[in-house]
Amino acid sequence: MDNDLETRFSLANTLGVEAGAVALDYFNRRDTLVIETKRDLHDVVSVADRNVEKLIRQRVADAFPNDGFLGEEDGLEEGTSGYTWIVDPIDGTAPFVNGMPTWCISIAVVKDEKPVIGVIYVPCLEEHYAAAAGQGATLNGKVLTLDPSRNMQNALTGIGSNNHVTPERVGEIITNVLARGGNFIRNGSGALMLAYVASGRLVGYYEPVMRAWDCMAGFCLVQEAGGRVLPYPLSGENLMAGHPVLASNASCYEDLLAVHNS
Ligand code: LIP
């Protein structure tokens with residue numbers, strides 16, 4: 001691993017755990033948080049999201065002042081180094097504010113429009129997912145390798161939905177998965193479900209519209225664990241837009257692609 005990647009990977013792992021501790025403190029006193037809504041009553045944010053992102057953003061700026069940074073809450077700061085950090089400070093904000101453990105810190109670094117680092121830390125479960133380009137993927141230090149015998153019919157598929165997708169389309173997707181002999185789960189954190197694909201807990205994940213901060217870390221994990229992802233555009237204005245997200249092990253990809261194209 002070259003030094004540029006290694007030093008950023010080291011900081012991403014450190015920040016995942018440090019930011020996770022700050023977020024967990026907010027989680028344990030969530031009844032004190034003022035919950036604000038964004039696009040609708042299910043799209044929520046609190047001071048926890050904002051302050052965790054500020055912590056990560058500042059630590060990255062101190063260490064790599066020429067790197068770009070895109071965060072869900074405070075947007076994009078362009079860089080000149082060729083590396084851009086793409087961060088969701090608390091992915092799964094709805095489970096977070098409702099006292100459920102399925103939320104995480106999602107930290108990605110992209111270079112040449114590809115995720116080269118992915119760190120997802122799950123404070124409530126003390127699960128630390130990490131991957132860097134060419135280095136494989138791990139969960140708490142254990143190497144992750146996908147089992148090709150698992151497919152849509154004998155394992156669970158994650159499905160994500162939000163207010164960027166019509167209720168009718170969500171219904172079509174779920175119907176299609178069930179009609180193919182599959183079954184689905186949604187836990188409110190797309191980043192965490194992508195980490196579950198990388199660790200083999202889910203055989204695949206599909207969501208029709210997700211932003212880069214929700215999925216780039218998970219994409220790095222899935223690819224380094226031997227899985228496949230639908231190409232996700234990051235050039236120009238694409239970086240700030242939402243795009244379909246599909247990630248799976250090899251034996252489920254065609255089934256899930258057919259669901260996407262249905
Ligand atoms: C969440 C995504 C999830 C989506 C939710 C929400 P947030 O991100 O990770 O995939 O289905 O609606 O957008 O808002 O919790 O950071």
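Mentor: Two strands pair if DSSP finds at least two bridges between them. Strands (E, at least two residues) and helices (H or I, at least four) are DSSP runs, numbered from the N terminus. This is a predicted model, where local features need pLDDT of at least 70, side-chain atom pairs pLDDT 80 or more, and totals for chains, interfaces and linings use all residues. Residues count from 1 along each chain as its sequence is written, and side-chain values use heavy atoms, without hydrogens or water.

Trainee: Which residue of S4 is the bridge partner of Leu 70?
Mentor: Start with the two strands. S3 covers residues 68-71, and S3 and S4 run antiparallel, with three bridges between them. Across this pairing, Leu 70 is matched in S4 by Leu 76.

Trainee: In what order do the eight strands of the open sheet stand, and which strands are at its edges?
Mentor: The pairing in this open sheet is mixed, and the order reads S4-S3-S5-S6-S7-S8-S9-S10. Look at the two ends of that order. Pairing is on one side only for the edge strands, S4 (75-77) and S10 (142-143).

Trainee: Which strands does helix H2 touch?
Mentor: H2 spans residues 47-63 and packs on the sheet. Contact here means heavy atoms within 4.5 Å. By that test, H2 touches S3, S4, S5 (83-91) and S6 (104-111).

Trainee: Now the other sheet. Which strands stand at the edges of the five-strand sheet, and why is one side of each left without a neighbour?
Mentor: This sheet is open too, with mixed pairing and the order S12-S11-S13-S15-S14. Each edge strand has a single partner strand, so one side has no neighbour in the sheet; the two are S12 (183-185) and S14 (228-229).

Trainee: What is the bridge partner of Tyr 206 in S15?
Mentor: S15 takes in residues 243-248. S13 and S15 are antiparallel, joined by five bridges. In S15, Tyr 206 is matched with Leu 246.

Trainee: Which strands does H5 touch?
Mentor: H5 packs on this five-strand sheet. Its contacts reach S11 (156-159), S12, S13 and S15.

Trainee: On to empty space. What is the volume of the largest pocket, and which residues are closest to its centre?
Mentor: On a 1 Å grid over the protein atoms alone, a pocket is an open set of points with protein on both sides within 12 Å along at least five of seven lines, and lining residues have an atom within 4 Å of a point. Points join across faces, edges and corners, and a volume is the space filled by probe spheres set on them. The largest pocket holds about 790 Å³. It has 39 lining residues, and closest to the centre are His 42, Asp 43, Glu 72, Asn 162 and Arg 186.

Trainee: Which elements each supply at least two residues of that lining?
Mentor: Both strands and helices take part. The strands are S2 (44-45), S5 and S13 (204-210). The helices are H3 (93-97), H5 (190-198) and H6 (212-224).

Trainee: Which elements give two or more residues to the lining of the second largest pocket?
Mentor: This pocket has a volume of about 310 Å³. Its lining counts 19 residues, with Glu 78, Thr 84, Val 110, Leu 234 and Leu 239 closest to the centre. The elements are S4, S5 and S6.

Trainee: Which residues line the largest cavity?
Mentor: A cavity is a set of grid points where a 1.4 Å probe fits but cannot get out. The structure has one cavity of 30 Å³ or more, and the space in the largest is about 30 Å³. Its lining is Leu 146, Asp 147, Arg 150, Val 197, Gly 200, Leu 202, Val 203 and Asn 249.

Terms used. Axes are lines fitted to C-alpha atoms, for helices over the stretch in contact, and angles run from 0 to 180 degrees between N-to-C directions.
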